[in-house]
Amino acid sequence: MYDVAIIGGGPAGLAAAYNLERAGQKVVLLEETGRLGGRAKTVDIHGEPVNMGAMFVYAGTASHELAVELGVALEPFEPTTFGIHVNGETVVSTDNDDLVERLPLTEESRNELRAFIDRATSEYYANTVDGQLRPSTPGFGEESAQSRICDLPQDVQEILTAAIRGGSVAHPSQLSATYALRYFASYLVKEKKNRVVSLGGMEAIPAALASSLQSTEVRLHHRVETIRQDAEGLWNLKASAEPHLSAPVNQDAGAATETWNATSRHIIMAVPAPRIAGMVQLPEWKSKALEAVQTPGSTELGVVVDISTPELSGMDDWSFIVTAGRLFDVVINSRPGRKDGTAQFVCYGNSAGYIEDANDSASGVLEQWLEEFLKVAPQLRGRILGASIQSWRHCFSLLTPTRAAALPQLQAPVDGTLHFAGDYSSETAGTHGAYAEAKRVTQDILRSVPTATY
Ligand SMILES: Cc1cc2nc3c(=O)[nH]c(=O)nc-3n(C[C@H](O)[C@H](O)[C@H](O)COP(=O)(O)OP(=O)(O)OC[C@H]3O[C@@H](n4cnc5c(N)ncnc54)[C@H](O)[C@@H]3O)c2cc1C
């Protein structure tokens with residue numbers, strides 16, 4: 001019998017465990033895979049920590065606060081360039097007018113793109129302060145990013161759609177104009193105050209949370225299959241545990257069984273929204289709210305390259321390159337200006353969606369994507385030190401007006417004891433949303449425990 005069972009060992013689940021344990025709660029955390037961190041996943045490529053999921057800590061958010069509290073090493077993301085790859089050519093510049101002038105587009109398209117960039121830049125500065133969004137102007141949040149680009153020539157729309165997909169995951173029609181400022185226009189204006197990089201990778205934050213846990217029972221390789229409420233209001237969980245792999249991380253291992261059962265007073269659903277419905281019978285209002293969450297798939301290629309020769313040293317400043325017409329939408333270098341002869345580029349294939357084969361190293365998808373990367377950066381042929389690919393079935397809870405309207409129902413517990421916390425129930429999504437939600441449900445749970453000291 002536990003006070004709280006947390007389903008999911010990603011940012012939300014780990015942060016909830018961290019908070020609840022410190023308040024003296026008896027907690028079990030169940031994670032279906034063999035690692036903690038969820039979509040905050042960092043892999044080692046040629047000795048470099050490369051993020052294959054979440055990339056940035058957003059300044060001033062819950063993830064920033066937590067990283068500082070946990071002593072995670074951070075540095076600001078300070079882009080100095082913007083780049084566009086279109087019609088087979090890649091142009092990168094510190095100056096947007098110079099960038100547009102050099103693009104292989106018709107004069108009309110160049111003029112329209114330049115005018116759009118001017119409008120987006122003015123809109124960005126009118127609605128942000130020090131890289132942070134101002135409270136939105138009336139009506140602004142209900143407009144989609146598509147409303148800003150739909151009258152532009154087709155080739156310009158394709159460039160901007162790739163940029164918005166790469167920066168935010170969403171198609172412009174699915175992204176509110178407000179969040180287009182944070183996830184797209186901020187790159188265009190080379191904002192230096194809104195993103196921070198964890199030097200050990202994004203996984204360093206959940207890893208620090210995990211290593212601070214002492215009394216929480218952390219069970220890897222435990223996939224929760226069903227949750228049922230009994231007549232006394234307690235929750236019975238059934239998980240399938242993989243024999244040989246299911247030993248608790250920080251507890252004495254009992255005999256590994258194929259089915260693991262437990263009872264808990266509270267449950268926290270810290271899994272991607274599309275996973276919830278299959279586990280538990282929900283009231284109609286909650287099922288409807290969960291249907292408002294869109295969490296599309298995405299595929300990422302991470303590459304570490306040697307740029308130590310003088311002719312490649314300029315690539316150190318590449319920051320955000322829109323790649324129109326490629327398998328992926330943008331290429332991001334999260335640490336521009338590091339000047340040590342190495343760079344890491346992550347190619348974000350949000351419009352490519354989930355590609356199951358990509359996670360199988362024998363499928364050839366990695367090699368195919370590397371060739372695409374070399375079309376964007378042909379000068380790097382022979383310079384690739386290592387690469388990795390990762391495809392996500394559920395990447396990011398889109399910042400749609402529909403999900404925003406459903407937030408009160410997404411956040412509300414069922415029967416006061418079944419709680420919902422993850423990027424899907426947060427206003428902002430992202431790891432910051434997940435950490436903020438963990439805090440909210442922790443406080444909710446602790447309010448029902450008279451003796452809790454939080
Ligand atoms: C490509 C990409 C780029 C991103 N960029 C950023 C960024 O720059 N900044 C940012 O802040 N965020 C970013 N995000 C989003 C961020 O990673 C997520 O919002 C965050 O990880 C959500 O945390 P979570 O705990 O809600 O869910 P998750 O991270 O998905 O964790 C859920 C966990 O639950 C486990 N699980 C699922 N079902 C079960 C089950 N039945 N039983 C047991 N365990 C289960 C999963 O294995 C997983 O470990 C990005 C994500 C991706 C994929």
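This briefing walks through the two domains, the surface between them and the ligand site. The model is predicted. The protein chain is assigned two domains, each built from separate stretches of sequence, and a ligand has 37 residues around it.

**The two domains**
- Domain 1 takes in residues 2-39, 204-293 and 398-447.
- Domain 2 is made of residues 82-197 and 297-392.
- Between their C-alpha centres there are 33 Å, and the contact draws on 9 residues of domain 1 and 11 residues of domain 2.

**Where the domains meet**
- About 750 Å² is buried between domain 1 and domain 2, with 65% of that area coming from carbon and sulfur atoms.
- On the domain 1 side, Leu398, Leu399 and Pro401 give up the most area to domain 2, and together they make up 59% of what that side buries.
- Sorted by class, the side of domain 1 touching domain 2 holds 3 nonpolar, 4 polar and 2 charged residues.
- The interface of domain 1 and domain 2 has 0 salt bridges by the rule applied, and 0 residue pairs in polar contact with both at pLDDT 80 or more.

**Around the ligand**
- Ala12, Glu31, Arg39, Phe56 and Thr431 come nearest to the ligand among the 37 residues around it.
- Two backbone atoms sit by ligand oxygen atoms: a backbone N or O atom of Ala12 at 2.9 Å, and a polar backbone atom of Phe56 at 2.8 Å.
- Arg39 uses its side chain instead, with a polar atom 2.6 Å from an oxygen atom of the ligand.
- On its own the ligand would expose 1,000 Å², and the protein buries 95% of that.

Conventions: Residues are numbered from 1 along each chain as its sequence is written. This is a predicted model: local features need pLDDT of at least 70, side-chain atom pairs count only at pLDDT 80 or more; totals for chains, interfaces and linings use all residues. Side-chain values use heavy atoms; hydrogens and water are left out. Domain bounds come from an automatic or database domain assignment. Contact means heavy atoms within 4.5 Å. Buried area is the accessible area (1.4 Å probe) that two parts lose on being put together, summed over both. A salt bridge is a side-chain nitrogen of Lys or Arg within 4 Å of a carboxyl oxygen of Asp or Glu. A polar contact is a pair of N or O atoms within 3.5 Å; within protein, one must be able to donate a hydrogen and the other to accept it, and residues adjacent in sequence count only if both atoms are side-chain atoms. Ala, Val, Leu, Ile, Met, Phe, Trp, Tyr, Cys and Pro count as nonpolar, Asp, Glu, Lys and Arg as charged, and the others, Gly among them, as polar. A residue is near a molecule or strand if one of its heavy atoms lies within 4 Å of it. Accessible areas come from the Shrake-Rupley method with a 1.4 Å probe; for residues, only the protein chains shown count as cover.
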